[in-house]
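Colleague: I would like a close look at a single part of this structure, taken slowly enough for a first-year student to follow. Could you start from one residue and work outwards to what surrounds it?

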Amino acid sequence: MNRILPFSSHLRSFALSRFCSPTYTATRRMSSTVQFKQALSIPGPIEISDEVLFANAHPSMSHVSPDFIPVLGDCIRMMRTVVDTADGQPFLIAGSGTLGWDQVAANLVEPGENALVLHSGYFGDSFSDCLETYGANADQVKAEIGAAVSQEAIESALKAKKYKVLTFTHVDTSTAVLSNAKAIAQTVRRVSPETLVVLDGVCSVASEEIHMDEWDIDVILTASQKGLGVPPGLSILIASKRAIQVFNSRKTRVTSYYGSWKKWLPIMKAYESGSPAYFATPPVNLIYAFHTSLSAITKSSPSLAERYELHREASQRIKAAATELGLKQLALAPEFAANGMTALYYPDGLAAGDILPRLVKKGIVVAGGLHSQIKDSYFRIGHMGITAVDGSRGDVDTVVKALKETIAEAAAAKSA
Ligand SMILES: Cc1ncc(COP(=O)(O)O)c(C=O)c1O
């Protein structure tokens, strides 16, 4: 698929003036249109809107300039809207989603304390590893591949031991399995009310419905490059009042320097109130891009609720087409199926080498398997952000068409 990206007029004049200056000789030969030859259909990073890409190309700014301060302040406020919280405390820090795990492990768990990790795929193992790196005792409850951990299993684990935090992957990107965040939080509050509920939303924020306050979630951590529709490089975490209180009553020193909330809390509060502050340089351009994307998500049409619905519709179309082609999902039941991505077993007799290169030739980049036990037997399609929300792009149709042609060609080549 060839996509022509038009420069919008004011950005075009900005871009041309920058690119034609002597310091921009390397990019001078760029024409005023940029051709993209691929549709990125992996579960993150995702396709980025032209507006967000241009915002990322903002001229360099001081991170303490009066122009930039409200941009970061707005992002902090808009993140509350995205996860539906009135008084959660957002932390926006340069880094990737993984930094959210480090923040949880370093700020909320003291060495020797217990953490319960619900495992619905690869990312449970990594979160557990991160918690142990900071000295926690991490226990895992593992679901079978394609399912989320049951409420009964969670209840019996919580009854067997006292846990400081319980973590779960809202959508595990290795399996496309969705966990029921509301039910998990309810179980924790009923059985072990003091345990902090930590939602890894790297693959769910802005594509799956989340109501932080109503569901009583203590931490939501995510990253810029998936449902939030921004290039990679920003770690986003929102902590509840309860989580901040637990942090404030730590008996031991925070076990990270860069990830310490002691350092970041005053910075977030300063920017939100309109004052400059410095601990470590924020990713200024990415914050401009983030601001543009969050404004689209929280302040324009479609609404957040409509966005969730559009993700559900895109997901159903891709899953229905896959079923029609005889491809089986990893998700064992519809309630475990994520709306921002789909994981599919290869058809009998076909493997990655038969499918993925053919899709690439048609301009579609999907991801191979990631779950170590079944890595070579499945692939993953991402359909988050503008791919699901902006129907005029035709991304879902393009993916479905390419998938149909690819399966037919691969099957024909095998039987030839
Ligand atoms: C569910 C989940 N958690 C955490 C991460 C880690 O995020 P990052 O790769 O941005 O560090 C990922 C990455 O894809 C993820 O999908």
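Modeller: Let us begin with Lys 226, which, once residues up to four places away in sequence are set aside, touches Pro 43, Gly 44, Ile 46, Val 202, Cys 203 and Met 384. Please keep in mind throughout that this is a predicted model. Lys 226 sits in the loop between strand 11 and strand 12, the latter covering residues 234–239. Is Lys 226 buried or exposed? Lys 226 counts as buried, because it has 29 C-beta neighbours inside 10 Å, and the cut-off for that word is 20 or more. In the UniProt record, an unreviewed entry, Lys 226 is listed under "modified residue: N6-(pyridoxal phosphate)lysine".

Some of the contacts of Lys 226 lead us to the ligand. Gly 44, Val 202 and Cys 203 are among the residues that Lys 226 touches, and Gly 44, Val 202 and Cys 203 are also among those that surround the ligand. The other residues around the ligand include Ser 96, Gly 97, Thr 98, Phe 123, Thr 169, Asp 172, Thr 173, Asp 200 and Ala 223. If we sort this shell by class, it has four nonpolar, six polar and two charged residues.

Pro 43, another contact of Lys 226, also touches Arg 380, and Arg 380 is the next residue to visit. The unreviewed UniProt entry marks Arg 380 with the annotation "binding site". Arg 380 lies in strand 16, which spans residues 378–382, and Arg 380 counts as buried because 22 C-beta neighbours are found inside 10 Å. Apart from its neighbours within four places in sequence, Arg 380 is in contact with Ile 42, Pro 43, Ala 176, Met 341, Ala 343, Val 366 and Ala 367.

The strand that holds Arg 380 deserves a look of its own. Five of the five residues of strand 16 are buried, so the strand is largely enclosed by the rest of the structure. In a regular strand the side chains alternate between the two faces of the sheet. In strand 16, Tyr 378, Arg 380 and Gly 382 point one way while Phe 379 and Ile 381 point the other way, and all of them are buried.

Strand 16 belongs to an open sheet of three strands, whose order is 13-16-15 and whose pairing is antiparallel. Strand 13 and strand 15 stand at the edges with a single partner strand each, so one side of each is left without a neighbour in the sheet. Five bridges join strand 13, residues 341–345, to strand 16; in this pairing Thr 342 has Ile 381 as its bridge partner, and Tyr 345 stands opposite Tyr 378. Strand 15, residues 367–368, pairs with strand 16 over two bridges, and here Ala 367 stands opposite Arg 380.

Let us now return to strand 11, at the start of the loop that carries Lys 226. Strand 11 is joined to strand 10 by three bridges, and the two strands run parallel; the bridge partner of Val 198 in strand 11 is Val 219. Strand 10, residues 196–200, is mostly covered, with five of its five residues buried. This holds for both faces, with Leu 196, Val 198 and Asp 200 on one side and Val 197 and Leu 199 on the other. Strand 10 is also joined by five bridges to strand 7, residues 165–169, again running parallel, and in strand 10 the partner of Phe 168 is Leu 199. Two of these strands also lead back to the ligand, since Asp 200 and Thr 169 are both among the residues that surround it.

Val 219 has a further part in the picture: of the 121 residues in the largest nonpolar core, Val 219 and Ile 220 touch the most other members. The largest share of this core, eight residues, comes from helix 12, residues 284–299. Beyond its neighbours in sequence up to four places away, Val 219 touches Val 104, Leu 196, Val 198, Leu 199, Leu 237, Ala 239, Ser 240 and Ala 243.

Finally, Asp 218 lies in the loop between helix 9 (212–215) and strand 11 (219–223). Asp 218 is buried because 25 other C-beta atoms lie within 10 Å, and its contacts, leaving aside neighbours within four places in sequence, include Leu 196, Val 197, Val 198 and Arg 242.

Note on methods:
Residues numbered from 1 in each chain as written. Predicted model: local features only at pLDDT ≥ 70, side-chain atom pairs only at ≥ 80, totals over all residues. Near = placed C-beta within 6 Å. Nonpolar A, V, L, I, M, F, W, Y, C, P; charged D, E, K, R; others polar. Helix = DSSP H or I, 4+ residues; strand = E, 2+ residues; numbered from the N terminus. Buried ≥ 20, exposed ≤ 12 C-beta atoms within 10 Å, placed from the backbone. Contact = placed C-beta atoms within 7 Å. UniProt positions renumbered as here; feature names shortened; annotations may be inferred. Core = buried A, V, L, I, M, F, W, Y, C linked by C-beta atoms within 7 Å. Pairing = 2+ DSSP bridges.
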